[in-house]
Amino acid sequence: MQKLIAALLAALLALTLLTGASLAEAEDRDVELLNVGCIYEFDVESPYCDLIKYLSYDSFMYANLVRYGANNEVVPCLCDHFEIAEDGCSVTFFFKEGITWHDGTPLTMEDIEFSLNLWLNVLKPSVALRYMESVEVLDDTSIRVNMQSSCAYVFLRHMIMSSAGCVIYPKHIWEGVEDLKSFTGPEAMIGCGPFVYDSYDEEAKTVYFNRFEDYHEGAPTIKRVAFKLYDSPESVVLAYKNGEIDCMYQYAAGLSGTYMQALSNVEGLDMGAETNLGGPDLEFNFKDPVMSDPDLRNAVYYALDYELIASTAGGEYCKPGYKGVITPGNIGFADDLPLNAQNIDEATRILDEAGYVDVNGDGLRENRDGEALRIMVSPAYSASKGTLYERLAQVVVRDLKNVGIDAFVDEDVSNSDAWKLRKSQNKDFQICITACSQGVAIIDTVNQGIVEKAGSDGTLTWNGTNSTPEYVEIFSRIIDSKNEEEYAAAAYASQHYLADNMVAITLGIEDMFYPYNTGDYTNWSFRSGNGAFSYDTWFTLQTK
């Protein structure tokens with residue numbers, strides 16, 4: 001018996017030592033430093049800083065109540081779970097005890113209430129103005145958000161991608177701050193997400209974060225993250241080639257296919273390909289007297305060389321999209337609509353029959369009154385996309401001139417402020433070349449950038465120019481959806497409306513690329529719209 005006991009003890013000791021060795025080996029495989037490339041600025045220590053704003057969408061330093069899962073479904077993050085009311089008019093969040101801020105202070109329902117009321121009464125982002133009505137603490141571990149309508153499902157999707165600075169704030173730090181945007185410094189960087197702000201090396205343009213050992217879902221496997229800041233996609237590509245970065249982070253936008261040849265010979269680099277759920281599009285201004293004519297819009301549709309446009313957008317990694325703008329992979333995608341295809345004869349027929357003819361014989365068409373017909377094509381400004389939109393605008397101008405329309409590229413949108421003034425504030429464009437980000441496509445479809453007013457009472461302001469009653473009703477159904485089934489049905493109807501009324505045109509279904517280092521690291525977790533630098537990656541990544 002004693003020999004048996006001794007043998008069992010020896011086996012148990014060996015198993016314990018083996019298990020301990022395995023745990024030590026796993027610990028040793030934690031990533032010491034992950035280098036991440038991005039095209040953002042870091043000008044102040046604040047939630048309103050460009051880099052921090054976009055990282056907040058993914059619960060990096062400031063944790064959101066919920067986040068997107070691997071398939072862009074809404075899953076708990078800071079909360080333990082949530083429940084949507086049957087009528088869709090409220091959502092209740094439940095929390096575990098023991099969550100702390102980075103400074104060690106316990107998180108309470110007062111923090112959540114304080115933050116959401118800041119959204120409602122001070123910051124007033126679109127997620128508050130369009131969805132939230134009130135906030136009420138139920139007990140020490142739960143809180144309810146009441147909605148303006150049956151929009152709780154879309155609210156959850158939208159709050160993940162809320163506006164700059166709309167994070168969950170530690171009340172003990174922010175409650176005495178009068179001007180939120182002027183409050184900067186280390187205290188302003190205290191959150192309760194999986195990573196803690198460390199420092200910024202201005203000379204190297206690198207921002208450092210360390211993992212939060214007491215994170216409520218467990219410490220990440222990445223000990224330290226360095227965000228290396230670049231000013232263009234070309235600079236990011238060069239950084240990959242030079243071995244300076246292991247992956248990239250760019251909100252809802254990877255690299256286009258035009259850069260892939262430059263990276264094809266880099267060893268140990270997976271290109272991280274995925275279909276862009278958003279993508280480039282052409283939008284008509286429904287407030288412009290010229291573009292309000294459906295005949296002219298339909299002529300533009302048939303005049304475009306979609307093969308060349310797709311090639312310009314992403315080389316061999318982009319193909320023509322479908323009529324109706326929404327791209328495959330999105331909830332409610334209408335697969336019964338045709339692919340976009342050029343038809344010069346149809347464009348010419350429509351223009352001739354609509355009275356857009358060449359009166360003076362100069363090769364260019366006049367309008368129905370015999371006056372000059374000129375159409376301005378405005379390319380969006382985007383630091384992360386470089387000259388892409390301008391190149392697409394040039395192709396569109398060429399195609400319109402081929403059917404006798406005197407089109408030209410807008411040269412007054414060469415910076416971010418000028419573009420915002422043209423597109424969002426003055427809305428004085430005619431045709432614009434822009435894009436629906438993957439984030440917007442996932443939240444409430446491309447329609448968000450096209451419709452002007454929508455909501456349960458039709459008075460909520462959005463980003464577009466179309467406020468026709470039928471369109472407002474369809475988009476209102478999207479944002480008032482109580483569940484995914486209602487959302488999908490409304491999204492499907494919207495795509496048919498966009499196609500039938502030629503509201504906008506998708507300029508291609510493109511593959512986006514988020515390259516990541518497989519030579520040194522393993523167990524990357526890929527999420528559509530983010531690439532390999534995803535929430536799950538932070539807890540799975542290991543060194544080889």
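Q: Which strand is joined to β8 (residues 195-201), and by how many bridges?

A: Strands are DSSP runs (E, at least two residues), numbered from the N terminus, and two of them pair if DSSP finds at least two bridges between them. Here β8 runs antiparallel to β9 (residues 206-211), with six bridges joining them. One of the pairings puts V196 opposite N210 in β9. Four residues lie between the strands of this hairpin, where K205 has a positive phi near 50°.

Q: What should I know about the model itself?

A: This is a predicted model, in which local features need pLDDT of at least 70 and side-chain atom pairs pLDDT 80 or more, while totals for chains, interfaces and linings use all residues. Residues are numbered from 1 along each chain as its sequence is written, and side-chain values use heavy atoms, leaving out hydrogens and water.

Q: How many Å should helix α3 (residues 109-123) span?

A: Helices are DSSP runs of H or I with at least four residues, and the expected span is 1.5 Å times one less than the number of residues. For the 15 residues of α3 that gives 21 Å, and the end C-alpha atoms are 19 Å apart, which agrees.

Q: Where does α3 bend?

A: A bend is the angle between axes fitted to the seven residues ending at a residue and the seven starting there. In α3 it is about 25°, at N117. After the helix comes K124, with a positive phi near 50°.
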